[in-house]
Structures are given as C-alpha cells and as structure tokens.
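Open the model in your viewer and keep the sequence panel beside it. We will go from one selection to the next.

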Amino acid sequence: MKKLEGIAVNMLSPMNKDYSIDEASIKKLCDHYIKNKIGAIWALGSAGEDFSLSFDYRKKFANAISKCTKSKIPVILGIGNMSYDETLEFIQLNRSNPFKGYHILLYDQKISDLQAINYIKKIVC
C-alpha cells in the first residue's frame, strides 16, 4: 500500500436546500483538491456525518466521491454508525469503491479502551 503524503483535507458533505446530496458541489470540491494536489480527502466524518446523515445519503455520497476522484486522490472514508450492522453493511457496499482506507468514530465515548479495540477488531476481521 502506498504511503499517504501531504495534507489530508476534511471534506464537507454538500447538500441541496432539500437536504439531498449535491453531486455538482462534490465534483467541484474533488476537482479543486485534485488540481491543487491535496494529499488525501478525509470524507464523512469531519463534522459528525457518521451519525447525523442518513445511511442512504452516506451511500450516495461515497459513490459520488468515488466517481469524481477516480483514484486520482486517496480518499479515507468515514464508516462510523450508531448500528454495528449498518457499519458492516456500509463497508460491504463500498468494497468496490477505490478508497484507500476507512476511519471510524465510535458512537459511545464511555467504552473502555479494550472494548473499543474489540469493536474495531470485529469490523476489520
């Protein structure tokens, strides 16, 4: 796996006024990042998107960002969710997208370090 280099930007999750996905703005942001040689995109997690956006929106966003980056820039995708099953489903849905990695924010900040490690092991394995 190629080492990530440079600056990773936290990408906004653009929405239209009706809260639907704004694919034109996603493409515009991706084009800007590619043109300016940004090192990587940190997506779906910079502003609480893991838990505040619907599963459907996140699925469409992941497909849109994959389509517009076309592997020209590494994308680290947020997979956190309130539901363990939906986290696994989201990972499965994105297996064919060329993401360089995933990041996860655990929904319960009160769990112990060991519980967090075991939760992440279950997702990775």
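**Stop 1: a histidine in a strand.** This is a predicted model. Start with His 103, which sits in strand 4 (residues 101-103). Is His 103 buried or exposed? Its relative accessible area is 6%. Buried means under 20%, so His 103 counts as buried. Now add Gly 78 to the selection. A polar atom of the His 103 side chain lies 3.2 Å from the backbone nitrogen of Gly 78.

**Stop 2: the core.** Clear the selection and turn to the nonpolar interior. The largest nonpolar core holds 28 residues. Select Met 11, Ile 26, Ile 41, Phe 61 and Ile 65; these have the most contacts inside the core. Next, colour the elements that give two or more residues to this core. They are helix 1 (23-35), strand 2 (40-43), helix 3 (55-69), strand 3 (75-78), helix 4 (84-93) and helix 5 (113-124). Which element gives the largest share? Helix 3 does, with seven residues. As a general rule, nonpolar side chains in soluble globular proteins tend to be buried together.

Zoom in on Ile 26. Leave out its neighbours within four places in sequence. What is Ile 26 in contact with then? Show Met 11, Pro 14, Ile 21, Phe 61, Ala 64, Ile 65 and Cys 68. Among these contacts of Ile 26, Met 11, Phe 61 and Ile 65 are also on the list of residues with the most contacts inside the core.

**Stop 3: a proline in a loop.** Select Pro 74, in the loop between helix 3 and strand 3. Its relative accessibility is 19%, so Pro 74 counts as buried. Now pick Ala 40. Pro 74 and Ala 40 are 34 residues apart along the chain, yet their C-alpha atoms are separated by 4.8 Å. Ala 40 is one of the contacts of Pro 74 beyond four places in sequence. The others to display are Leu 4, Gly 39, Ile 41 and Lys 100.

**Stop 4: a surface patch.** Switch to a surface view. Select Phe 51, Met 82, Leu 105 and Tyr 107, which form a nonpolar patch on the surface. Together they have about 380 Å² of accessible area. Tyr 107 belongs to the loop between strand 4 and helix 5. At 42% relative accessibility, Tyr 107 is partly exposed.

**Stop 5: the salt bridges.** How many salt bridges are there? The count comes to three.

Go to helix 1 for Asp 31 and Lys 27. Their side chains meet in a salt bridge, 2.8 Å from N to O. The two residues lie four apart, about one turn of the helix. Asp 31 is partly exposed at 34%, and Lys 27 is partly exposed at 44%.

Move on to helix 3 and select Asp 56 with Lys 60. This salt bridge is 3.1 Å from N to O. The partners are four residues apart, so about one helical turn separates them. Then add Lys 59. Lys 59 forms a salt bridge with Asp 56, with the closest N and O atoms 3.9 Å apart. Lys 59 and Asp 56 are three residues apart in helix 3, again about one helical turn. Keep Asp 56, Lys 59 and Lys 60 on screen: salt bridges that share partners join them into one network. Each is partly exposed: Asp 56 at 35%, Lys 59 at 30% and Lys 60 at 42%.

How values were computed: Residues are numbered from 1 along each chain as its sequence is written. This is a predicted model: local features need pLDDT of at least 70, side-chain atom pairs count only at pLDDT 80 or more; totals for chains, interfaces and linings use all residues. Side-chain values use heavy atoms; hydrogens and water are left out. A nonpolar core is a set of buried Ala, Val, Leu, Ile, Met, Phe, Trp, Tyr and Cys residues joined through side-chain atoms within 4.5 Å. Buried means under 20% relative accessible area, exposed over 50%, partly exposed in between (1.4 Å probe, protein chains only). Contact means heavy atoms within 4.5 Å. A polar contact is a pair of N or O atoms within 3.5 Å; within protein, one must be able to donate a hydrogen and the other to accept it, and residues adjacent in sequence count only if both atoms are side-chain atoms. Patches are made of residues with over 30% relative accessible area and no salt bridge: like charges are joined within 9 Å, nonpolar side chains (Val, Leu, Ile, Met, Phe, Trp, Tyr) within 5 Å. Accessible areas come from the Shrake-Rupley method with a 1.4 Å probe; for residues, only the protein chains shown count as cover. A salt bridge is a side-chain nitrogen of Lys or Arg within 4 Å of a carboxyl oxygen of Asp or Glu.
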